[in-house]
Amino acid sequence: MKEGYSVKIYACARETELTAKEKIRIKDFTSFPKVEELLKRDDLIKPVNMITLDVHNETSENTDYKVYVILTADSMYYTSSESLAESLTDILDEYEQLETEGDWGVKIEEFKSKNNTGCFYKAVLV
């Protein structure tokens with residue numbers, strides 16, 4: 001690992017035990033596609049967890065920041081979007097009940113900000 005750079009697991013949206021292999025893979029989040037790749041797709045994802053990472057990077061303009069790793073059954077994606085993390089956390093809080101209610105999925109969508117200064121991402125339950 002490069003000097004002045006560290007990644008620590010801060011939290012899991014769902015209380016599940018991660019294996020050592022999962023922890024190591026998750027901390028190497030840059031090997032996953034960015035969540036923005038999902039904006040180009042029409043299919044839904046089914047998240048099973050979201051891991052919040054604390055990143056310290058001396059070479060970054062903002063040396064300390066959070067990264068969110070979204071776990072699905074067959075892939076992982078990462079983002080630094082807090083609005084996406086908040087909306088996904090709301091969905092994952094109801095994961096157990098959603099699983100008993102039948103088919104469901106999530107679409108990642110981009111929305112214009114209210115003051116039109118940019119965009120933000122949000123997870124929308126479908």
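Which residue of β3 does Val55 stand opposite? In the model before you, Val55 stands opposite Tyr65 in β3. This is a predicted model, in which local features need pLDDT of at least 70 and side-chain atom pairs count only at pLDDT 80 or more, while totals for chains, interfaces and linings use all residues. Residues are numbered from 1 along each chain as its sequence is written, and side-chain values use heavy atoms, with hydrogens and water left out.

Allow me to begin with the sheet. It is an open sheet of four strands in the order β1-β2-β3-β4, with antiparallel pairing. β1 (5-12) and β4 stand at the edges with a single partner strand each, so one side of each is left without a neighbour in the sheet. From one strand to the next, the twist averages 30 degrees. Strands here are DSSP runs of E with at least two residues, helices are runs of H or I with at least four, and both are numbered from the N terminus. Two strands are said to pair if DSSP finds at least two bridges between them. As a general remark, strands of a sheet pair through backbone hydrogen bonds, either parallel or antiparallel.

I now take the pairs in turn. β1 and β2 are joined in the antiparallel sense by seven bridges, and Ser6 has His56 in β2 as its bridge partner. Strand β2 (residues 47-57) runs antiparallel to β3, with nine bridges between them; Ile51, for instance, is partnered by Val69 in β3. Helix α1 (residues 20-27) packs on the sheet and touches β1, β2, β3 and β4, its direction making about 125 degrees with that of β1. Helix α2 (residues 82-92) also packs on the sheet, touching β2, β3 and β4, and its direction makes about 145 degrees with that of β2. For these angles, axes are lines fitted to C-alpha atoms, for helices over the stretch in contact, and the angles run from 0 to 180 degrees between N-to-C directions.

β2 and β3 form a hairpin with six residues between them. A hairpin is also formed by β3 and β4, with three residues between them. Strand β3 (residues 64-72) pairs with β4 in the antiparallel sense over four bridges.

How much of β2 is buried? Eight of its eleven residues are buried, and the strand is mostly covered. Buried means under 20% relative accessible area, exposed over 50%, and partly exposed in between, using a 1.4 Å probe and protein chains only. In strand β4 (residues 76-79), Met76 and Tyr78 point one way, Tyr77 and Thr79 point the other way, and all are buried.

One residue deserves a closer look: Tyr68, which lies in strand β3. Tyr68 counts as buried because its relative accessibility is 9%. Tyr68 stands opposite Thr79 in β4. Leaving aside neighbours within four places in sequence, Tyr68 is in contact (heavy atoms within 4.5 Å) with residues including Met50, Ile51, Thr52, Tyr77, Tyr78, Thr79 and Ala85. The C-alpha atoms of Tyr68 and Tyr10 are separated by 9.9 Å, although these residues are 58 residues apart along the chain.

Which residues of β4 point the same way as Met76, and which the other way? Tyr78 points with Met76, whereas Tyr77 and Thr79 point the other way. With that, I thank you for your attention.
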